[in-house]
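Please take a moment with the sequence and the three-dimensional structure below before reading on. The paragraphs after them are meant to be read with the structure in view.

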Amino acid sequence: MKRSVIFAGLLLLFIASVIGGLYLGYADLSLGEILNALSRGLSGTGGDDVAYAIVMDIRLPRVLLAILTGVALAVSGLVMQAVVANPIADPYILGISSGASLGATLAIVLGLMSALGNVAVGLSAFLFALLTSVGVMILSRIGGRATSERLILSGLALSAATSSVATLLVYTAKNRDAIREVNFWLMGSLSGAKMSQIFFIGPVILALCIFLATQSRNLNLLLLGDEVAYTLGKDLAKLRSAYIVVVSLLVGLVVYTSGTIGFVGLIVPHMARFLLGTNHRHLIPGVILLGASLLLWADVAARNALPAGELPTGVVVSVVGAPLFVYLIVKNAREVQM
């Protein structure tokens, strides 16, 4: 099948996902009411009716946040699989999610940055995610270059350390509400989507993804290994460090707004490779469309699954991602044996 046809299909899937995100919900709104609310919102005329409030204050922010989160995680996962040369890597493989979890736990249980109000948890998670990534880069460079093996081992070490501290804090916490909040945050959710956050993180995520889209040749080179790259005059250690910083920023922004949502960065790159091949020039736009579409439908399922309330979005993604992750491990093990 031609790539142009595949991309056309992915674009149609994305458009259908956006429409589904705006249309499907407990409140029964017609397509005309939704379009009318969107036109009033975009034109600035506003409104005080129920349909306008549901679309502009609830559904549209969640749709936009799902797109940004899905794109950031999918692109980050694709890049990390190239950086560590491991097909079952994801954006959290270097312990970034564990660092973010520690930051969120400190904010919720111990009140770290509580003076900042509602943004304390997200900001603390963002900062600790960045600190963890910096720690991984420093640790991987001790005694030599930052190879993919060193990065993975450093990430595992810091992930274990930060996870242990976070678990200890939760175990010793006496506030049950705080424990429940930590667990819900760790599952990931788009329920707190706000337009103010989207206006803040949206341009940054788009800029970082555009930068990574320009790096397709270097990402292809990472898959060839260090020795081949040196003969071509490329220093993979510097490239890996630069890409880790960019991925850390992307993941930090995601956990700032949505908590830790797993499996998107793992399974979407494999779906894209199955459809488009291994060239990152084609993979990056492919994972952008697939990642956004997957998370849009996951969020629709999350907010419509229960008659009263909603499931964390990360739980819905895990239902799909966990079986596929097992399949990828088995497939990778068979390829190694061959």
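What follows is a walk through some helices, their packing and a few single residues.

This is a predicted model, in which local features need pLDDT of at least 70, side-chain atom pairs count only at pLDDT 80 or more, and totals for chains, interfaces and linings use all residues. Residues are numbered from 1 along each chain as its sequence is written, and side-chain values use heavy atoms, with hydrogens and water left out.

A good place to begin is helix α5, which covers residues 120-140; helices here are DSSP runs of H or I with at least four residues, strands are runs of E with at least two, and both are numbered from the N terminus. Helix α5 has 21 residues and spans 30 Å from its first C-alpha to its last, which is close to the expected 30 Å at 1.5 Å a residue, the expected span being 1.5 Å times one less than the number of residues. Several residues of α5 are buried, among them Ala120, Phe126, Thr132, Val136 and Met137, where buried means under 20% relative accessible area, exposed means over 50%, and partly exposed lies in between, with a 1.4 Å probe and protein chains only. The buried residues of α5 pack against α4 (96-109), α6 (148-172), α7 (176-187) and α11 (236-258).

One residue of helix α5 that deserves a closer look is Thr132. Because its relative accessibility is 6%, Thr132 counts as buried. The side chain of Thr132 reaches the backbone oxygen of Phe128 at 2.7 Å, and if neighbours within four places in sequence are left aside, Thr132 is in contact with Leu94, Gly95, Ile96, Gly99, Leu158 and Thr162, contact meaning heavy atoms within 4.5 Å.

How are α4 and α6 placed against each other? They pack at an angle of about 25°, and their axes are 8 Å apart; the axes are lines fitted to C-alpha atoms, for helices over the stretch in contact, and angles run from 0 to 180 degrees between N-to-C directions. The two helices α4 and α6 are therefore roughly parallel to each other, since angles under 35 degrees count as roughly parallel, over 145 as roughly antiparallel, 65 to 115 as roughly perpendicular, and the rest as oblique. The crossing of α4 and α6 is left-handed, a term used if the near helix is turned anticlockwise from the far one by less than a right angle, whereas a clockwise turn makes a crossing right-handed. Residues that make this contact include Gly99, Leu102 and Leu106 of α4 together with Thr162, Ala166 and Leu169 of α6.

In the loop between α6 and α7 lies Ala173, which counts as buried because its relative accessibility is 18%. With neighbours within four places in sequence left aside, Ala173 is in contact with Val109 and Ile179. The C-alpha atoms of Ala173 and Ile261 are 24 Å from each other, and these residues are 88 residues apart along the chain.

A second pair of helices is α8 (residues 195-213) and α11, which pack at an angle of about 155° with their axes 10 Å apart. Helices α8 and α11 are therefore roughly antiparallel to each other, and α8 passes α11 in a left-handed crossing. Among the residues that meet there are Ile201, Val204 and Leu208 in α8 and Val246, Leu250 and Leu253 in α11.

Between α11 and α12 (264-276) there is a loop, and Phe263 lies in it. Phi of Phe263 is near 75°, a positive value in a residue other than glycine, and Phe263 counts as partly exposed because its relative accessibility is 21%.

Helix α12 packs with helix α13 (residues 280-304) at an angle of about 125°, and their axes are 9 Å apart. That angle makes α12 oblique to α13, and the crossing of α12 and α13 is right-handed. The contact includes Val264, Ile267 and Leu275 of α12 as well as Leu283, Val287 and Leu290 of α13.

Is Ala308, in the loop between α13 and α14 (313-337), buried or exposed? Ala308 counts as exposed, because its relative accessibility is 70%. Asp57, which is found in helix α3 (residues 50-83), is also exposed, with a relative accessible area of 53%.

Definitions and conventions:
Polar contact = N/O pair within 3.5 Å; in protein donor to acceptor, adjacent residues only side chain to side chain.
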